[in-house]
Amino acid sequence: MVNLACCCIAVVHLVQERSWKQLQLQTLILRKEENKRYCETLNFKFIDADYDKDNWFDRVKGLEDEPERGERCTKCFDMRFERSALFAHENNFSLFATTLGISRWKDLDQVNNSGLRASKRYDNLTFWDFNWRKQGGSSRMIEISKREEFYQQEYCGCVYSLRDTNKWRKENNRPRIKRGKKFYG
Ligand code: SF4
């Protein structure tokens with residue numbers, strides 16, 4: 001089975017699009033390396049699909065001010081699921097799934113609908129829309145994150161989610177997010 005582990009990545013100053021893309025890549029690398037490390041401990045094969053940042057920025061153009069769980073996120077999920085479905089198809093997998101929906105910040109129906117849409121591109125490919133939050137999944141996620149001391153990213157992943165989270169923090173007298181500093185444990 002193919003599992004889509006991460007929708008996308010992160011980060012900072014809203015100065016120039018060129019800088020945004022470079023900054024997004026920095027946090028992607030941090031999260032990806034943790035993912036790879038953990039896959040190694042489980043003896044799982046890690047497939048590093050291209051982040052394809054230019055495509056991502058093109059797809060979400062005009063949706064920069066959408067709230068989280070809005071249309072920008074649908075585009076974001078669609079892009080990642082389409083890539084996962086293609087990989088599954090090209091490598092003769094009949095089933096794929098994702099852990100994206102385990103986060104309580106995500107709209108599970110929105111995630112699953114993107115997965116289902118992508119699966120329909122190919123015959124004999126099924127998207128497994130399992131609810132990973134159930135059967136103790138959410139608490140298990142925290143337990144493993146603490147044990148492995150994973151990076152705890154305090155926003156979803158793109159520059160726009162970082163911008164909006166920092167705006168909320170400012171309005172609520174909370175400090176700005178410091179990228180790459182907070183870990184479970
Ligand atoms: S907030 Fe950004 S990174 Fe998160 S799902 Fe939406 S578009 Fe993707």
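Which of the 11 residues around the ligand come nearest? In this predicted model, they are Cys-73, Cys-76, Cys-156, Gly-157 and Cys-158. Two elements each give two or more residues to the shell around the ligand, namely helix H3, spanning 71-90, and helix H6, spanning 159-171. H3 gives the most, with three residues. If you sort the shell by residue character, you get seven nonpolar, two polar and two charged residues.

With the ligand located, let us step back to the whole chain. The protein chain has six helices and three strands. Read from the N terminus on, its elements follow the order β-α-α-α-β-α-β-α-α. Of the 185 residues in the chain, buried ones make up 22%. Now take the contacts between residues at least 6 apart in sequence: 68% of them join residues at least 24 apart.

Helix H3 is a good place to go next. How is a pair of packed helices described? The angle between their axes and the distance between the axes are used for this. For H3 and helix H4, which covers residues 108-119, the angle is about 40° and the axes are 8 Å apart. Angles under 35 degrees would count as roughly parallel, and 65 to 115 as roughly perpendicular; H3 and H4 are therefore oblique to each other. Their crossing is right-handed. On the H3 side, the contact is made by Cys-73, Thr-74, Phe-77, Asp-78, Phe-81, Glu-82, Ser-84 and Ala-85. H4 brings Gln-110, Val-111, Ser-114, Gly-115, Arg-117, Ala-118 and Ser-119. Together, the residues of this contact divide into six nonpolar, six polar and three charged. You may recognise Cys-73 here: this residue of H3 takes part in the contact with H4, and Cys-73 is also among the residues that come nearest to the ligand.

Phe-81 deserves a look of its own. Is this residue of helix H3 buried or exposed? Phe-81 has 26 C-beta neighbours inside 10 Å, and a residue needs 20 or more to be called buried, so Phe-81 counts as buried. Follow the chain onward to Ala-97 and you will have gone 16 residues in sequence from Phe-81, while the two C-alpha atoms are 9.1 Å apart in space.

Helix H1, residues 17-42, offers another example in Asn-35. Here 16 other C-beta atoms lie within 10 Å, so Asn-35 is partly exposed. The C-alpha atom of Asn-35 is separated by 8.1 Å from that of Phe-46, with the two residues 11 apart along the chain.

Finally, two asparagines are worth picking out for their backbone. Most residues other than glycine have a negative phi. Asn-43, although not a glycine, has a positive phi of about 60°. Asn-43 lies in the loop between H1 and helix H2, which spans 53-59. With 6 other C-beta atoms within 10 Å, Asn-43 is exposed. Asn-173 likewise has a positive phi, of about 55°, without being a glycine. You will find Asn-173 in the segment after H6, the helix that also contributes to the shell around the ligand. Asn-173 is exposed as well, because 6 other C-beta atoms lie within 10 Å, and 12 or fewer is the cut-off for that label.

Terms used. Residues numbered from 1 in each chain as written. Predicted model: local features only at pLDDT ≥ 70, side-chain atom pairs only at ≥ 80, totals over all residues. Near = placed C-beta within 6 Å. Helix = DSSP H or I, 4+ residues; strand = E, 2+ residues; numbered from the N terminus. Nonpolar A, V, L, I, M, F, W, Y, C, P; charged D, E, K, R; others polar. Axes fitted to C-alpha atoms, helices over the stretch in contact; angles between N-to-C directions. Parallel < 35°, antiparallel > 145°, perpendicular 65-115°, else oblique. Left-handed = near helix turned anticlockwise from the far one by under 90°. Contact = placed C-beta atoms within 7 Å.
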